[in-house]
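Biologist: Could you walk me through reading a sheet, and then a single residue? I would like the general idea before the case.

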Amino acid sequence: NGPSIAVVGVTGAVGQEFLSVLSDRDFPYRSIKMLASKRSAGRRITFEGRNHVVEELTAESFDGVDIALFSAGGSISREFGPVAVDRGTVVVDNSSAFRMDEKVPLVIPEVNPEAMHNIKAGMGKGALIANPNCSTIICLMAATPLHRRAKVLRMVVSTYQAASGAGAAAMEELELQTREVLEGKQPTCKIFNQQYAFNLFSHNASVLSNGYNEEEMKMVKETRKIWNDNDVKVTATCIRVPVMRAHAESVNLQFERPLDEDTARDILKNAPGVVVIDDRQSNHFPTPLEVSNKDDVAVGRIRRDLSQDGNKGLDIFVCGDQIRKGAALNAIQIAEMLL
Ligand code: 2RA
């Protein structure tokens, strides 16, 4: 029967979503290990009617584990990912630690399944697969079907990113600050160094010497790797907005070949993992609340880019659940490809 699996970082927002998705999709595991830091070890988790105890993550944790889902930060992935691989485990890593390693596949199952190469054959020998960044996954779920038809030459992305991307504590801070501000109190600013409620700010990732922040450079680099196209021009501006768990992204696309908006809409309506919400009459387009806790990415505002000639430009607006399709669901879909 099924693989033995481990969830690393099980007490975090994505770790908890791993469990929800495993259950929702009836993932056929034979056994499951709940792994976390020493601080969380001993906590009890009831999952699928069974009582589990969270174990402290150690090298020995991976003995006998076929597939390990990691979402415990880059340093844990760097320390324990290779250790797990050495023990014959296939690691699906949600951190950014190995995404740009040329030996590591960076996979969105609906977009570039071919990147998995023959990993499945490697079951038992260990392997490492990287989950792309959430804002990259959500963007490319919509942009790739169009790219396959008309070849994107340039993509400009503006993101409106939810609190969940900064973790459960950031979601709690947003809620706390919202109450405090409404009660006329000073907002508590522990996770972010500025007020978040009723505000928005440039993404909290560090800013590099080229003036971009790390989140924006992930979008640039990961798109090129996933599309296997080092010539595509990508630029991004990533903003943190006071929304709980779904990212929104405005995407402008310039194509090599003409692609009119009706054809684009049909392509997206038939794209796996995508729903089109594009009702101009009632001004009904994707919203974070409508996609929260859902698997599909929603696309709307599909229109010809008036600033470009010859039907070679398109503007779209995309929303997707950051914790689900942006992290946990995508990783588990990768794991399903190993079955
Ligand atoms: C964010 N993409 O939204 C990050 C989380 N991995 O901040």
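Modeller: Happily! Let's start with one pair: strand β1 (residues 4-8) and strand β6 (residues 67-70) run parallel, joined by 4 bridges. Within that pair, I5 has I67 of β6 as its bridge partner. The model is predicted, so local features need pLDDT of at least 70 and side-chain atom pairs count only at pLDDT 80 or more, while totals for chains, interfaces and linings use all residues. Residues are numbered from 1 along each chain as its sequence is written, and side-chain values use heavy atoms, leaving out hydrogens and water.

Biologist: What holds strands together, and what is the order of the strands in the open sheet?

Modeller: Strands of a sheet pair through backbone hydrogen bonds, either parallel or antiparallel. Here, strands are DSSP runs of E with at least two residues, and helices are runs of H or I with at least four, numbered from the N terminus; two strands pair if DSSP finds at least two bridges between them. The open sheet has 6 strands in the order β5-β2-β1-β6-β7-β8, with parallel pairing. β5 (55-56) and β8 (127-130) are at the edges with a single partner strand each, so one side of each has no neighbour in the sheet.

Biologist: And for a single residue, is N213 buried or exposed?

Modeller: Buried means under 20% relative accessible area, exposed over 50%, and partly exposed in between, using a 1.4 Å probe and protein chains only. N213 is buried, at 2%, and sits in the loop between β10 (201-202) and α5 (214-226). Beyond neighbours within four places in sequence, N213 has contacts (heavy atoms within 4.5 Å) that include S202, H203 and C238.
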